[in-house]
Amino acid sequence: MGFSGFDIVIPVLVVLVLLVLFAGIKTIPQGYNYTVERFGRYTRTLTPGLNLIIPFIDRIGAKMNMMEQVLDVPTQEIITKDNAMVAVDGVAFYQVLNAPQAAYQVAGLQNAILNLTMTNIRTVMGSMDLDELLSNRDAINERLLRVVDEAAHPWGIKITRVEIKDINPPANLIESMGRQMMAERNKRAQILEAEGMKQAQVLEAEGRKEAAFRDAEARERSAEAEARATQVVSEAIAKGDVQAINYFVALKYTEALAKVGTANNSKLVLMPMEASSLIGTLGGIGEIAKEVFRDGGTAGGQRQASRTPRIPPEQG
């Protein structure tokens with residue numbers, strides 16, 4: 001049984017149709033975008049899923065990864081503003097937001113981002129002193145991110161993060177920094193010690209001032225009390241009360257007698273005075289006490305005195 005021409009054409013047409021269908025159907029994986037070119041010109045972008053293109057007319061151009069990607073920045077030497085040479089490396093994170101721009105606005109996207117990041121690292125860190133580099137790493141990262149992201153914006157990408165990993169000064173510079181730090185800490189310790197001594201002296205002076213003020217106030221109160229007592233005695237004398245002067249004289253007399261008796265160098269004290277005068281004085285004290293307290297008892301000044309007062313010598 002022979003085959004006719006029609007029997008041969010039908011299978012060939014079926015195979016061609018299947019080939020055309022397979023050529024026109026494109027499956028895009030998640031996280032990717034494909035660009036479509038028609039006769040070499042960009043026409044549209046294929047998103048993840050099943051897509052159809054015109055076979056033999058349209059073709060897949062660039063396959064762009066739309067996920068966030070990391071780019072390692074190699075170590076490079078940088079001269080700071082104060083002429084210190086340091087070795088710096090870092091890492092950059094970026095994400096493609098516009099597949100056509102990333103595919104057709106720049107050639108070699110990762111290489112472009114890498115060179116842009118390295119150039120701006122030298123620019124930013126070269127304008128700072130070494131102390132600023134070591135203490136303001138967060139500020140450096142923020143400044144680098146802003147500058148690099150602004151420069152890469154026309155490429156349809158977003159720079160999400162730029163981080164400086166290591167800043168390595170030379171060994172001799174690290175040793176000098178250690179000595180400087182030690183000197184600075186010694187200086188701070190001396191300053192704190194001086195401040196403590198100053199504060200202690202100030203507090204001590206304030207204490208002496210307060211004590212002097214309290215002593216003066218106490219002396220003032222004592223003087224006021226004595227003046228008041230003198231005034232009361234004077235008023236009593238002015239009213240004709242002779243016993244008041246006897247009380248005042250007896251008080252001063254006994255105070256002086258107590259001081260003489262308690263002196264360290266006194267061995268024997270003789271009292272060249274009449275006993276009757278002392279008894280009279282003590283009698284005046286008794287009269288005043290009776291008038292003040294109005295006590296009906298016997299006056300203390302009426303005690304018998306049979307001999308001249310004599311203070312025995314102190315025992316050495």
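**Exercise 1. A salt bridge and its two partners**

Is Lys 158 buried, partly exposed or exposed? Work this out for the predicted model, and then describe the salt bridge that Lys 158 forms.

*Solution.* Begin with the cut-offs: a residue is buried under 20% relative accessible area and exposed over 50%, with partly exposed in between. Lys 158 has a relative accessible area of 36%, so it is partly exposed. Next, turn to the partner, which is Asp 149, and note that the closest N and O atoms of this pair are 3.2 Å apart. Asp 149 has a relative accessible area of 18%, and therefore counts as buried.

**Exercise 2. Two further salt bridges**

The structure holds 9 salt bridges; describe the one between Arg 59 and Glu 37, and then the one between Arg 188 and Glu 184.

*Solution.* In the pair formed by Arg 59 and Glu 37, the closest N and O atoms are 2.8 Å apart. Locate both residues: Arg 59 lies in strand β5 and Glu 37 in strand β2, so the salt bridge ties together parts that are 22 residues apart in sequence. Then consider the accessibility, where Arg 59 is partly exposed at 48%, whereas Glu 37 is buried at 9%.

For Arg 188 and Glu 184, the closest N and O atoms are 3.7 Å apart. Both residues belong to helix α6 (residues 171-238), and because they are 4 residues apart in it, about one helical turn separates them. Arg 188 is exposed, with a relative accessible area of 53%, while Glu 184 is partly exposed, with 36%.

**Exercise 3. The sheet that contains β2 and β5**

In what order do the 3 strands of the open sheet stand, and which of them are at the edges?

*Solution.* The order is β3-β2-β5, and the pairing is antiparallel. Strands β3 (41-46) and β5 each have a single partner strand, so one side of each is left without a neighbour in the sheet, and these two stand at the edges. Neighbouring strands here are turned by 30° against each other on average, direction ignored. Looking at one pairing in detail, strand β2 (residues 32-38) is joined to β5 by 6 bridges, and Val 36 stands opposite Ile 60 in β5.

**Exercise 4. The nonpolar cores**

How many residues does the largest nonpolar core have, and which have the most contacts inside it?

*Solution.* This core has 37 residues, and those with the most contacts inside it are Leu 109, Met 125, Trp 155 and Ile 157. Several elements supply at least two residues each, among them β6 (69-79), α3 (109-126) and β8 (157-168). The greatest contribution comes from α3, with 9 residues. Taking Met 125 as an example, and leaving aside its neighbours within four places in sequence, its contacts include Ile 78, Val 88, Leu 133 and Ile 164. Apart from the largest core lies another, of 6 residues, including Val 36 and Ile 60.

**Exercise 5. Positive phi angles**

What phi angles do Phe 39 and Asn 83 have, and where do these residues lie?

*Solution.* Phe 39 is not a glycine, yet has a positive phi of about 55°; Phe 39 is found in the loop between β2 and β3. Asn 83, likewise not a glycine, has a positive phi of about 65°, and the loop between β6 and β7 is its place. As a last step, compare with the cut-off: Phe 39 counts as exposed at 69% relative accessibility, and Asn 83 counts as exposed at 69% too.

How values were computed. Residues numbered from 1 in each chain as written. Predicted model: local features only at pLDDT ≥ 70, side-chain atom pairs only at ≥ 80, totals over all residues. Heavy atoms only, no water. Core = buried A, V, L, I, M, F, W, Y, C linked by side-chain atoms within 4.5 Å. Buried < 20%, exposed > 50% of the residue type's maximum accessible area, 1.4 Å probe, protein only. Contact = heavy atoms within 4.5 Å. Pairing = 2+ DSSP bridges. Axes fitted to C-alpha atoms, helices over the stretch in contact; angles between N-to-C directions. Salt bridge = Lys/Arg side-chain N within 4 Å of Asp/Glu carboxyl O.
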